[in-house]
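User: I have a structure to go through before my next bench session, and I would like to talk it over with you. Could you take my questions as they come?

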Amino acid sequence: DGIKGGSHALGIRAEAVKLADGVPATTTGKVDVLERLGDRTLLYTRLTDGSVIVAEDIGNSRVAIGDEVGLTLDGSRTHLFDAEGRAWHNEEPGHD
């Protein structure tokens with residue numbers, strides 16, 4: 001059964017969203033919240049359309065609340081959800 005028209009949401013986990021450090025950014029936003037977890041830091045970033053995406057950075061990240069940051073998204077690790085809750089997942093290498 002394929003993907004039909006209608007309303008959909010795109011999901012992506014924080015570990016598939018990184019700071020664009022020396023590479024072209026997929027999108028940009030302003031950091032609203034930092035969550036320091038020891039070995040990694042989660043950056044809750046507000047995009048220009050008002051939506052929030054969570055990105056992952058190193059544990060001792062130098063990013064501060066209010067910073068404008070460029071982000072890269074690994075599109076191969078996205079998930080598409082329809083209004084009924086059905087999900088479509090990209091096939092990641094090594095996962096059967």
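User: Let's start with L19: is it buried, exposed or partly exposed?

Analyst: Bearing in mind that this is a predicted model, L19 is partly exposed, because its relative accessible area is 23% and buried would mean under 20%.

User: And where does L19 sit, and what does it touch?

Analyst: L19 lies in strand β2, which covers residues 17-19. Leaving aside neighbours within four places in sequence, L19 is in contact with L43, E56, D57, V63, V69, G70, L71 and T72. As for distances along the backbone, the C-alpha atoms of L19 and T45 are separated by 11 Å, with the two residues 26 apart along the chain.

User: Zooming out, how many helices and strands does the chain have?

Analyst: The protein chain has zero helices and eight strands, so I would describe the order of elements from the N terminus simply as β-β-β-β-β-β-β-β, with strands counted as DSSP runs of at least two residues. Its C-alpha atoms fill a box of roughly 45 × 35 × 25 Å along the principal axes, and buried residues make up 25% of the 96 residues.

User: What share of the contacts joins residues at least 24 apart?

Analyst: Among contacts between residues at least 6 apart in sequence, 57% join residues at least 24 apart.

User: Back to D57, since it was on the L19 list. Which strand is it in, and what is its nearest side chain of opposite charge?

Analyst: D57 is in strand β5, residues 52-58. D57 is buried yet has no salt bridge, and the nearest side chain of opposite charge, that of R36, is 7.1 Å away. A salt bridge needs the nitrogen and the carboxyl oxygen within 4 Å, which is why a separation of that kind does not count as one.

User: Which side chain does D57 have a polar contact with, then?

Analyst: The side chains of D57 and S61 are joined by a polar contact of 2.6 Å. Not counting residues up to four places away in sequence, D57 also touches L19, R40, T41, L43 and V63.

User: What about R36, where is it and what does its side chain reach?

Analyst: R36 is in strand β3, which spans residues 27-36, and its side chain reaches the backbone oxygen of S61 at 3.2 Å. S61 is therefore a partner in the polar contact with D57 and also in the one with R36, given that N or O atoms within 3.5 Å are what counts. R36 is partly exposed, with a relative accessible area of 47%, and beyond its sequence neighbours within four places it is in contact with T41, G59, N60, S61 and V63.

User: T41 keeps turning up. Buried or exposed?

Analyst: T41 counts as buried, because its relative accessibility is 0%. T41 lies in strand β4, residues 40-47, and the side chain of T41 reaches the backbone oxygen of G59 at 3.0 Å. Once residues up to four places away in sequence are set aside, the residues that T41 touches include L34, R36, D57, G59 and S61.

User: Changing topic: how many salt bridges are there, and which residues are linked in a network?

Analyst: The structure holds three salt bridges, and K18, R40 and E56 are linked in a network of them. E56 and K18 meet through their side chains at 2.6 Å, N to O; E56 lies in strand β5 and K18 in strand β2, so this pair ties together parts that are 38 residues apart in sequence. R40 forms a salt bridge with E56, the closest N and O atoms being 2.8 Å apart, and since R40 lies in strand β4 and E56 in strand β5, that pair ties together parts 16 residues apart.

User: How accessible are those three residues?

Analyst: E56 is buried, with a relative accessible area of 14%, whereas K18 is partly exposed at 33% and R40 is partly exposed at 28%.

User: And which residue pairs with D32?

Analyst: D32 forms a salt bridge with R46, with the closest N and O atoms 2.8 Å apart. The pair links distant parts of the chain, D32 being in strand β3 and R46 in strand β4, 14 residues apart. D32 is partly exposed at a relative accessible area of 29%, and R46 counts as partly exposed at 38%.

Note on methods
Residues are numbered from 1 along each chain as its sequence is written. This is a predicted model: local features need pLDDT of at least 70, side-chain atom pairs count only at pLDDT 80 or more; totals for chains, interfaces and linings use all residues. Side-chain values use heavy atoms; hydrogens and water are left out. Helices (H or I, at least four residues) and strands (E, at least two) are DSSP runs, numbered from the N terminus. Buried means under 20% relative accessible area, exposed over 50%, partly exposed in between (1.4 Å probe, protein chains only). Contact means heavy atoms within 4.5 Å. A polar contact is a pair of N or O atoms within 3.5 Å; within protein, one must be able to donate a hydrogen and the other to accept it, and residues adjacent in sequence count only if both atoms are side-chain atoms. Lys and Arg count as positive and Asp and Glu as negative; His and the chain ends are not counted.
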